[in-house]
Protein chains: 2
Amino acid sequence: MISGVESSASGAPVSAGPVETGLHARVLEHLGTAICGGELTPGSVLNIDELVDRYAVSRSVVREVLRVLASMGFIETRRRVGVLIRPASSWNVFDPQVIRWRLASAGRMAQLRSITELRTAVEPHAALLAATRADHDEASDLVGLAAKMWAAGKAGDEERFLRLDIEFHRRVLRASGNEMFLRLQDLIAEVLTGRHKHHLMPHHPHEQALQLHAEVAQAIQRHDGERARRAMVELMEQAFDEMRSLWEQAGEPGQG
Amino acid sequence: MISGVESSASGAPVSAGPVETGLHARVLEHLGTAICGGELTPGSVLNIDELVDRYAVSRSVVREVLRVLASMGFIETRRRVGVLIRPASSWNVFDPQVIRWRLASAGRMAQLRSITELRTAVEPHAALLAATRADHDEASDLVGLAAKMWAAGKAGDEERFLRLDIEFHRRVLRASGNEMFLRLQDLIAEVLTGRHKHHLMPHHPHEQALQLHAEVAQAIQRHDGERARRAMVELMEQAFDEMRSLWEQAGEPGQG
DNA sequence: CGCCTTGAATAAGTCTGCTTTTTGGGCCTA
DNA sequence: TAGGCCCAAAAAGCAGACTTATTCAAGGCG
């Protein structure tokens with residue numbers, strides 16, 4: 001039995017933070033996007049009082065925000081100097097928050113490309129591991145999900161297909177038994193929904209993609225790791241090709 | 001020319017934070033390790049005043065620490081309730097700080113296993129990409145590094161071999177042109193140095209490993225992506241086998 | 001008896017003014 | 001010109017008052 005796919009399985013909503021409210025969140029959001037968006041260039045200097053004035057909040061709020069930004073590698077504070085903006089090379093690019101900011105910024109395409117390459121590397125290996133580690137139920141659920149995806153794809157129900165797609169990849173990552181792979185799920189969900197929101201997906205998924213999802217599920221169920229891996233590689237290549245056409249038409253070379 | 005390998009190339013020290021001082025760092029460190037180490041179990045509740053007393057610091061320090069911990073997914077604060085410890089499933093397991101804490105905790109073996117699997121997935125793909133993207137100098141440097149590794153391995157100079165090993169993998173990740181891959185370098189360095197510190201490495205690297213590093217470098221230089229990938233896969237399998245013998249002897253099943 | 005309103009208790013969130021510590025840069029001297 | 005000294009600037013940290021949201025329970029109503 002496939003449990004609660006529609007209603008966002010396993011508690012966590014797919015990709016909708018509860019719209020964090022409060023001063024802290026507001027200021028963090030603004031500064032984070034400003035740095036990701038390049039409005040605050042590396043090397044430039046702020047100071048706390050300036051930020052207190054600019055956002056009309058108290059020092060405590062500003063200081064708490066700065067601590068968080070520092071832990072993300074966005075800034076560095078130095079006594080007698082102020083708050084230094086650090087270069088992109090020291091950002092924690094795996095922080096889900098950072099990913100979200102970057103996907104919302106001008107660097108969106110570069111971010112999409114990075115994550116898509118990461119998926120291309122990780123998901124096939126996850127499928128391989130899943131084939132040796134998935135229990136009976138997990139494997140059955142995957143087969144069932146692939147079947148539902150096929151139906152949704154044929155019916156042209158994009159919304160549903162997207163949800164199922166995200167869920168399918170989440171389950172494979174979970175079945176791999178590697179906690180770090182599972183955490184990548186959040187990033188992948190961001191990419192898939194982002195791709196959907198920006199209308200970067202074919203309205204009817206390719207026949208082959210539908211077939212490959214089924215292939216992955218079946219191979220995992222039959223503990224054929226190498227077959228699962230290969231099918232996932234093909235899926236990734238297809239996804240990668242679709243993305244490539246995007247960032248080529250977006251006029252961005254993609255090569256960071 | 002290979003520039004500054006010994007003296008920690010590219011500025012960043014390999015794995016030695018400048019021993020963060022200050023109250024904030026001290027309290028953060030203590031709470032972070034306590035949560036990672038399972039001393040504070042998920043669901044249990046703290047409150048700010050209690051922490052103020054326990055660490056004998058002011059509210060601002062505690063609050064800044066809590067904001068950082070919250071951004072790592074370690075805690076959640078709720079009005080009228082206090083500070084809730086969140087389960088490991090919501091931690092930002094890619095945060096370098098979190099990795100360090102986990103490597104220092106009882107879950108060290110699970111962490112090593114996760115990262116090693118991640119390497120196994122990512123590095124071969126990085127080698128593949130590097131073969132198409134690396135410029136002439138990068139490729140030459142890799143070949144030179146592999147040669148130095150061979151020499152250091154044969155000479156039994158562990159320290160030097162370790163440094164070169166880390167540098168080699170860093171360069172491959174960098175040459176892949178993917179910023180996210182490059183950031184994984186920090187994690188990998190933690191693993192390699194950790195493995196060394198805990199005497200989990202053969203004193204004389206296997207002949208085959210030395211050969212494989214050279215193979216990877218050469219394949220990249222000749223733009224033979226598939227060959228580079230395959231050689232890296234073999235390297236990873238070897239590293240994985242070495243690690244496996246470790247966590248099996250450590251009595252930990254490894255399956256999280 | 002169960003449900004809804006209401007109000008008090010509680011703990012985080014925010015603000016403000018203050019002291020302490022660090023450090024970059026100017027200045028002075030040898 | 002080099003080295004050391006001193007000062008001011010800015011973050012780091014402290015203390016306490018006040019604000020706001022949330023929970024929980026008591027009491028009223030159907």
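**Two chains on DNA: what earns each label?**

Analyst: Take the atoms of DNA strand C that lie within 4 Å of the protein: 65% of them belong to sugar or phosphate, and the rest belong to bases. This is a predicted model, in which local features need pLDDT of at least 70, side-chain atom pairs count only at pLDDT 80 or more, and totals for chains, interfaces and linings use all residues. Side-chain values use heavy atoms, without hydrogens and water; residues are numbered from 1 along each chain as its sequence is written, and chains are lettered from A and ligands numbered from 1 in the order in which they are written.

User: Which residues are closest to DNA strand C, and what makes a residue "near" a strand?

Analyst: A residue is near if one of its heavy atoms lies within 4 Å of the strand. For DNA strand C, 21 residues surround it, and the closest are A:S58, A:R59, A:R80, B:R63 and B:R79. Sorted by class, that surface has 7 nonpolar, 5 polar and 9 charged residues (Asp, Glu, Lys and Arg count as charged).

User: What makes the pair of A:S58 and a phosphate oxygen of DNA strand C a polar contact?

Analyst: The rule asks for a pair of N or O atoms within 3.5 Å. An N or O atom in the A:S58 side chain sits 2.7 Å from a phosphate oxygen of DNA strand C, so the pair meets the cut-off. B:R63 gets there with a polar side-chain atom, 2.8 Å from a phosphate oxygen of that strand. B:I48 uses a polar backbone atom instead, at 3.1 Å from a phosphate oxygen.

User: And DNA strand D: how many residues surround it?

Analyst: There are 20, and A:T77 and B:L23 are among the closest. A:R63 has a polar side-chain atom 3.2 Å from a base nitrogen, while A:R67 has one 2.8 Å from a phosphate oxygen. The side chain of A:T77 puts an N or O atom 2.7 Å from a phosphate oxygen of this strand. Helix α3(A) gives the largest share of the surface near DNA strand D, 3 residues.

User: How do you know that β1 and β3 of chain B are paired?

Analyst: Strands here are DSSP runs of E with at least two residues, and helices are runs of H or I with at least four, numbered from the N terminus. Two strands pair if DSSP finds at least two bridges between them. For β1(B) and β3(B) (residues 82–85) there are 2 bridges, so the pair qualifies. These strands run antiparallel, and B:V45 has B:L84 as its bridge partner in β3(B).

User: Which strands of chain B are called edge strands?

Analyst: The 3 strands make an open sheet in the order β1-β3-β2. β1 (45–46) and β2 (75–78) are the edges, as each pairs on one side only.

User: Why is the contact between A:R170 and A:E167 called a salt bridge?

Analyst: A salt bridge needs a side-chain nitrogen of Lys or Arg within 4 Å of a carboxyl oxygen of Asp or Glu. Their N to O distance is 3.6 Å, so the pair passes. Both residues lie in helix α7(A) (residues 158–175), 3 residues apart, about one turn.

User: How are chains A and B related?

Analyst: A turn of 180° and a shift of 0.1 Å along the axis lay chain A on chain B with an RMSD of 0.1 Å, fitted by least squares on C-alpha atoms with pLDDT of at least 70 in both copies. The copies are thus related as by a two-fold rotation axis.

Terms used:
A polar contact is a pair of N or O atoms within 3.5 Å; within protein, one must be able to donate a hydrogen and the other to accept it, and residues adjacent in sequence count only if both atoms are side-chain atoms.
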